[in-house]
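Visitor: I have not seen this structure before, and I would like to learn how to read it step by step. Could you take me through a few of its features?

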Amino acid sequence: MVRAVLKGLLAHKLRLFLTAMAVVLGVSFVAGTFVLTDTINKTFDTLFDEISAGTDVTVRAASGFGQGASTETARDTVPASLLEVVRRVPGVAAADGSVGGYAQFVDEAGKAVTTTGAPTLGFNWTQPGLSPLTLRSGREPQRAGEVVVDAVTAKAHKFAVGDKVKVLFRGPTEEFTVVGITGFGEADNLAGATLAIFDVNTAQRVFAKVGRFDSIDAKATEGISALALRDRVAGVVPAGVEVVTSQQVADEGADSVQQALGFFSTALLVFAGISLFVGGFIILNTFSILVAQRTRELALLRALGASRRQVLWSVVGEAFIVGLFASLVGLGLGILVALGLKALLAAFGIDLPASGLVIQPRTIIASLVVGVGVTVLSSISPARRASKIPPMAALRGGGVEQGGSLRRRSIAGAVVTALGGAALLRGLFGGGISLVGLGAALVFVGVALLSPLAAVPMARVIGAPFPRIAGMSGKLGRQNAMRNPRRTAATAAALTVGLGLVACVSVLAASIKSSAADVVDKYLAADFIISTSNFMPNISTDLAPRLARQPELAAVSALQTGEWRAQGATRGLFAGDPATLGQVLKLDVTAGDAGGLARGEVLVGEEELNDKKLAVGGTLAMTFARTGTKDLRIAGTFAENQLLGDYLVSTATFDANFTDRLDFAVLAKSRAGVSPADARTAVERVTADFPNVELRDQAEFKQQQEDQVNQILGLISALLALSIIIALFGIVNTLALSILERTRELGLLRAVGMSRRQVRSMIRGESVIIAVLGAILGLAVGVLFGYAIVGALDDEGIGKVVIPGGQLIAYVVLAGVAGVIAAVFPARRAARLDVLAAISHE
Amino acid sequence: MSNGTPAARGTNLVKVYGEGDAAVRALDGISVEFAAGQFSAIMGPSGSGKSTLMHCMAGLDTITSGQVYVGDVELSTLNDKELTRLRRDRIGFIFQAYNLVPTLTAAENITLPMDIAGREPDKAWVDRLIDTVGLRPRLSHRPSELSGGQQQRVAAARALASRPGIVFADEPTGNLDSRASAEVLGFLRTSVREFDQTVVMVTHDPSAASYAERVVFLADGRIVDEMTEPTAEKVLDRMKGLGD
Ligand SMILES: Nc1ncnc2c1ncn2[C@@H]1O[C@H](COP(=O)(O)OP(=O)(O)OP(=O)(O)O)[C@@H](O)[C@H]1O
Ligand SMILES: [Mg+2]
């Protein structure tokens, strides 16, 4: 039996290839994701190890968030005088303090040098041996006005030793002379971050930490372990300061990056999962067709004495081999995918230190298990059908269409759809994201089960214009799409999944966009919004006060955001200037007194107050990383404001509890009677000195919000494109198999005078109908999903569902075009059939 | 298409399959004419080259050497597109089985070649064929709802529907019982006698051959005999001589 399976597979290499393709792409996505994230994780492990390679212990302020809090979280500083104390500890060979913060270069064109997500860092030059910096040219910074630049930034912006360069800080912009170019260990920079290195006094001054260090690093003398040194140093530091091994600092750093990456990797795996789900549909459909086509052969086997079990296993065995083959190819392809993504990162300026791709056994096992699993599972139902073929079927001739009643299938479909819908809603309204995923998957399975019912009428309607456009070939194409509703429906179902999700995301995006515009009207009073391009909190605290001095402006308020904790959960807060906040935002205080803000109290969103069972006049225990737990009085409540979140404090309160304040946005309202143009000129007068900020009026701000949503929509659609491509392979596969099955008929048509061109047009027609059918079903499901999700997001302020009609129609048209493309290969094959051979085909 | 030019003719037809030792001379120098308005039969033992001759004459297959004319067109001068058009407009086909497109009704199958060409069928002519072949009540049925005999009658009507210059039929009654055969053959004879059509039919069956006006006997890729005014007995006798 095994040999028969293998022989059969090898005899149909093309079929094997097409079937496997569905799984290959999904598996390559899975493998690529694992390889990439493992590689990046390893890279960061190495990187953070390198950062701390020269040191053994680190002295730093304790975090209010407790041990193990990530280095990202801002801590308090330690007094610089502590350095001498540490240096005097026996066993300390060398120690130095470091101090750093936000520092962004301005390029030759006067624009801020930006990164793709990585920070723009500045810090001080520390003693050689303690620092991972490796000078490439020039010398270290020694006095005020000198800076050392990382090699990547220097190269990209042609900064050379001796050049003057401007640097943006929290405070005023300053000019420096480049005195050196540095690498970071082996790499040219620190994983994409830009580096500005100053002498220690300059660093302390520009980062507003005069007389302070962020941390002190110490190296042990020969023979003393890091742990021993840690304990010795711990004995001399004051309360509120902690001493940890540098290894621990490195691990914390790597952990925090890996946590951030974890989300990224989960997201990619979700899309890989969708692709595999779609692949499963195609495998199922392919095996169903194969079993139908081989009815006679299988019946003959049964007649010759093969048991049901043997027939079943022959089909499952074939699936196993296809799955194994596909998984191995997918694994190989996945490594290429990872390499491609890595090259892409490099192209974006994220220079990962050279380290080979990491292929963990987990990657290989997961790829194989998932690939083989999906294939084998998908083959079980066709295999069972194959095993039920009676030996008598060998005697009956002709192509056997799949039997079984559509009614049972439809009832099952309705039940599955209903269950899926229920799970989806349950998940959306509090049940959790995995329930949403399960529900969506069930709905798609249910719709696939139901769709044969709709296939014939829908194909009739979709194909209605075909006879007029393409005459007889159009008519035959349409009828071919209708002749086997299960096959048409199952092939279309694969596309339904991808397009359903795209449609759902489109509906969401359209709804979010429309609500975002509403949010601006409803909650924003300012005429101008100033932010950085990527909404990083990187606006100099100098900007808002200077803006406030412009006579054309009535009110200016800077906004800050920060994180705090309560009961182990991290929450966000906003801060602003109590004097002006109410003029730039529509802040509707519903209870208590907003004046409390200025007294260091907190305002809580009305709903949040009720949710958390808080009370106006009561206290809220807020834990800050820098200052630990503080009890803040609840001054009052405010009506929901999408721009403000749930907790609001004053900028003074923020400064008291967070380090390194940088503004997240600055809002400005022009004085009555000042023309918008004059007001804008006034604002631009100030912002011109801050190259990293962007200025928008309300309309531009709305547009920007829209652009951002579009960007995310584009990204998600691109990731879903893979599953759509897989679905198109499914159409190719079905058509190719159908053509094989209809060889005789094609021969006949060619004999009685159908041209090759007409044959191609006939196949194309069938393909377009299948694709459009799948698309329309997908859009229907997607729009319903969109309704459900928007309904669930009601609390988040997405009020009404917006159906992007034009976009959805465009998707259907695109699906039709995709159908034409999917038909190219099968159509060519069909047109090339040798007429005589086809006529005498068994 | 009447007197003078034959409906189809072949001169010195040679068809070799394969190469070297494995080469088979399926047609070994055949010259033959099929006069317009005549019902001809081709007979011969299995493997004698009947189907090959028919396929080559009908432009479904290419010959190794020699010339084939359909009407006054020499087939070797035509490219694939022109051959396809020739088959569509000037030749009718009836095969032994699987003659019909399963998704089309009987009526649609009958007008298929014209529909492919995008031409309006000659309604009066098609109606006449349908009535002659006795398919009026079955027109809206699909092939799977028709008996084998009915299917072959639909195929015969289809072959004649575009008034082709010649109809080639390869064992059109090979799968039918004698009654169904008689219906198909009677229809072909009527179409030749009364409607002035030209039919060339390959058959194994002497009584089928007796419907024709002329029988050509093949053996080993050559024409070995001809007979006009055949009867079943005469044909049977001749066939015995060929050792079929
Ligand atoms: N495609 C082919 N390749 C090789 N040889 C072929 C091919 N087609 C036919 N032949 C050979 O050519 C010869 C004539 O075949 P043909 O089909 O014309 O015979 P036939 O007279 O129609 O026989 P039958 O009565 O069995 O249908 C046979 O020897 C056959 O084996
Ligand atoms: Mg033959």
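Guide: What follows is a walk from whole chains down to single residues, and please keep in mind that this is a predicted model.

Visitor: How many helices and strands does each chain hold, beginning with chain A?

Guide: In chain A the secondary structure comes to 24 helices and 24 strands, while chain B has nine helices and ten strands. Along its principal axes, the C-alpha trace of chain A spans about 95 × 70 × 50 Å, and the C-alpha atoms of chain B fill a box of roughly 50 × 45 × 35 Å.

Visitor: What radius of gyration does chain B have, and what would a compact globule of 244 residues have?

Guide: Chain B has a radius of gyration of 17 Å, which agrees with the value near 18 Å that a compact globule with 244 residues would have. Buried residues make up 54% of the 244 residues of chain B, and in chain A they make up 53% of 842 residues.

Visitor: What share of the contacts in each chain joins residues at least 24 apart, counting contacts between residues at least 6 apart in sequence?

Guide: Counted in that way, the share is 68% in chain B and 82% in chain A.

Visitor: Into which domains is chain A divided?

Guide: The division gives domain 1 (100-208), domain 2, which is made of two stretches (423-522 + 706-842), and domain 3 (539-691). Taken over C-alpha atoms, the centres of domain 1 and domain 2 of chain A are separated by 53 Å.

Visitor: How should I read two helices that pack against each other?

Guide: Two packed helices are described by the angle between their axes and by the distance between those axes. Here helix 13 (residues 466-483) and helix 22 (residues 756-792) of chain A pack at an angle of about 65 degrees, with their axes 7 Å apart, and helix 13 of chain A passes helix 22 of chain A in a right-handed crossing. The residues that meet include A:Phe466, A:Ala470 and A:Leu476 from helix 13 of chain A, and A:Met762, A:Gly765 and A:Ile769 from helix 22 of chain A. The residues of this contact divide into seven nonpolar, six polar and two charged.

Visitor: Is A:Val376 buried or exposed, and which residues is A:Val376 in contact with beyond its neighbours in sequence?

Guide: A:Val376, which lies in helix 10 (residues 361-387) of chain A, has a relative accessible area of 18% and is therefore buried, since the cut-off is under 20%. Leaving aside neighbours within four places in sequence, A:Val376 is in contact with A:Val316, A:Ala319 and A:Phe320. The C-alpha atoms of A:Val376 and A:Glu318 are 8.7 Å apart, although the two residues are 58 residues apart along the chain.

Visitor: What should I look for in the backbone angle phi?

Guide: Most residues other than glycine have a negative phi. A:Lys613 has a positive phi, near 55 degrees, and is not a glycine; B:Glu229, also not a glycine, has a positive phi of about 50 degrees.

Visitor: Where in their chains are A:Lys613 and B:Glu229, and are they buried or exposed?

Guide: A:Lys613 sits in the loop between helix 17 (606-611) and strand 20 (619-624) of chain A, and at 73% relative accessibility A:Lys613 counts as exposed. B:Glu229 sits in the loop between strand 10 (222-228) and helix 9 (232-242) of chain B, and with 61% relative accessibility B:Glu229 likewise counts as exposed.

Notes
Residues numbered from 1 in each chain as written. Chains lettered and ligands numbered in written order. Predicted model: local features only at pLDDT ≥ 70, side-chain atom pairs only at ≥ 80, totals over all residues. Heavy atoms only, no water. Helix = DSSP H or I, 4+ residues; strand = E, 2+ residues; numbered from the N terminus. Buried < 20%, exposed > 50% of the residue type's maximum accessible area, 1.4 Å probe, protein only. Axes fitted to C-alpha atoms, helices over the stretch in contact; angles between N-to-C directions. Left-handed = near helix turned anticlockwise from the far one by under 90°. Contact = heavy atoms within 4.5 Å. Nonpolar A, V, L, I, M, F, W, Y, C, P; charged D, E, K, R; others polar. Domains from an automatic or database assignment. Rg over C-alpha atoms; globule rule 2.2 N^0.38 Å.
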